[in-house]
Amino acid sequence: MSADPLFTRIFILGSGPAGLTAAIYAARAGLSPIVAQGLQPGGQLTITTDVENFPGFREPVQGPWLMEQMQAQAENVGARLVWDVITSVDLSKRPFRLTGDGGQIYLADALVISTGAQARWLGLQSETALRGKGISACATCDGFFFRGKKVAVIGGGNTAVEEALYLTNHSPEVTLIHRRDSLRAEKILQRRLLANPAIRIQWNSVVSEFIAGGDSALAAIELENTKTGALSRLEVEGAFIAIGHKPATDLFQGHIKLDNEGYIEVIPGTTHTSVEGVFACGDVMDKHYRQAVTAAGTGCMAALDAERFLGEIDFK
């Protein structure tokens with residue numbers, strides 16, 4: 001038998017930088033938020049080693065440590081973090097009703113969704129083994145660590161081309177690996193790519209293996225030609241997987257308006273969704289920046305939007 005329903009003025013779904021920042025602001029506003037931490041408490045930063053681009057730290061910090069500090073800060077100002085995974089939601093009326101995987105019911109006047117997005121990976125065992133050791137899914141996050149080194153980008157869409165162009169700020173030679181003989185990226189991006197002398201394209205190629213060197217970090221990529229089956233070796237010290245992201249929005253299908261890629265749609269310049277009283281922040285609604293600092297910024301916005309919403313309904 002499940003416990004009695006828990007009521008809160010504001011429920012926050014997700015505990016990455018966006019969700020915890022929303023929790024800090026909501027708690028400081030006296031709203032006593034409940035935060036469901038989900039399957040990966042702390043979000044993607046908990047599997048990130050050196051974080052060098054989050055403001056406030058002179059030296060790089062460890063991702064897990066940074067998230068521990070955010071969690072402690074949220075709890076210190078009055079947020080309640082629960083170890084639960086929400087498996088169903090009812091957003092048809094207020095209070096909103098959310099059900100955890102153990103049967104616990106949560107009721108809330110306002111809901112902040114910060115469930116994030118996960119990078120799509122190739123699925124190779126060698127890729128998993130070398131994540132953080134030369135393999136990344138974010139050039140903006142990690143490109144700086146490959147200054148002066150040869151790198152590769154895997155993909156053929158806008159994200160892959162943008163990441164390849166960005167990496168030329170740090171790397172003397174960037175190879176774009178694409179399984180076809182033409183790119184899916186927008187024409188203007190293709191023109192910029194083809195005009196850049198630091199970028200070469202490996203057409204009709206897929207990664208068959210990532211190869212570690214003597215220091216157990218990435219040293220080369222084994223490629224297979226999709227037309228001939230021939231194998232070749234590309235020596236690089238960094239590889240960036242850019243085949244897209246999947247927002248964690250399966251739970252909200254049919255409950256809230258999503259775009260054609262599954263991201264939650266918000267009113268531009270706000271965190272308001274298609275359902276009054278429901279707000280979205282972080283990577284679940286942001287497919288352009290996907291940075292910890294921008295996620296935290298939208299988490300602040302969501303808490304402020306929710307606080308104003310609750311103030312308005314209290315006086316109706």
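Okay, a definition to start: two strands pair if DSSP finds at least two bridges between them. Strands here are DSSP runs of E with at least two residues, helices are runs of H or I with at least four, and both are numbered from the N terminus.

Quick housekeeping as well. This is a predicted model, where local features need pLDDT of at least 70 and side-chain atom pairs count only at pLDDT 80 or more, while totals for chains, interfaces and linings use all residues. Residues are numbered from 1 along each chain as its sequence is written, and side-chain values use heavy atoms, with hydrogens and water left out.

Let's look at strand E8, which covers residues 105-113. With strand E19, residues 278-280, E8 pairs in the parallel sense over 3 bridges. In that pairing Ile 113 stands opposite Ala 280. Ile 113 turns up again with strand E1, because there it is the bridge partner of Leu 13. E1 is residues 6-13, and its pairing with E8 is parallel too, over 7 bridges.

Then there's strand E7, residues 96-100, which runs antiparallel to E8 and is joined to it by 4 bridges. Phe 96 stands opposite Ala 108 of E8. E7 and E8 make a hairpin with 4 residues between the strands, and in that hairpin Gly 103 takes a positive phi near 100 degrees.

So how many of the residues of E8 are buried? It's 9 of 9, where buried means under 20% relative accessible area, exposed means over 50%, and partly exposed is in between, using a 1.4 Å probe and protein chains only. Asp 109 sits in this strand, and at 15% relative accessible area Asp 109 is buried. From Asp 109 to Gly 78 you go 31 residues in sequence and 18 Å in space, C-alpha to C-alpha.

Next, a sheet further along the chain. Strands E14, E15 and E16 form an open sheet of 3 strands, in that order, with antiparallel pairing. E14 (205-212) and E16 (231-235) are at the edges with a single partner strand each, so one side of each has no neighbour in the sheet. From one strand to the next, the twist averages 30 degrees; the axes behind that are lines fitted to C-alpha atoms, for helices over the stretch in contact, and angles run from 0 to 180 degrees between N-to-C directions. E15, residues 218-225, is joined to E16 by 5 bridges, and Glu 224 stands opposite Leu 231 in E16.

On to the cysteines. There is 1 disulfide in the structure, a disulfide being a pair of cysteine sulfur atoms within 2.5 Å. Which cysteines form it? Cys 138 and Cys 141, with their sulfur atoms 2.2 Å apart. The torsion about their S-S bond is about 70 degrees, so this disulfide is right-handed. Cys 138 is buried at 15% relative accessibility, whereas Cys 141 is partly exposed at 28%. Cys 281 is in no disulfide, and the nearest cysteine sulfur, in Cys 300, is 10 Å away, which is too far for a bond. Cys 281 is buried at 0%, and Cys 300 is buried at 17%.

Last stop, the aromatics. The structure has 5 aromatic pairs. Rings of Phe, Tyr and Trp (its six-membered ring) pair if their centres lie within 6.5 Å; planes under 30 degrees apart are stacked, over 60 edge-to-face, and the rest tilted. One of the pairs is Phe 144 with Phe 145, edge-to-face at 6.4 Å centre to centre and 70 degrees between the planes. Phe 144 is partly exposed at 36%, and Phe 145 is partly exposed at 29%.

Another is Phe 146 with Phe 240, also edge-to-face, at 5.6 Å and 80 degrees. Phe 146 is in the loop between helix H4 (139-142) and strand E11 (151-154), while Phe 240 is in strand E17 (residues 238-241), so the pair ties together parts 94 residues apart in sequence. Phe 146 is buried at 11%, and Phe 240 is buried at 0%.

Phe 144 has another partner: the charged end of Arg 147 sits over its ring, 3.9 Å from the centre. That label needs NZ of Lys or CZ of Arg within 6 Å of the ring centre and within 35 degrees of the ring normal. Arg 131 likewise lies over the face of Trp 121, at 3.9 Å from the ring centre.
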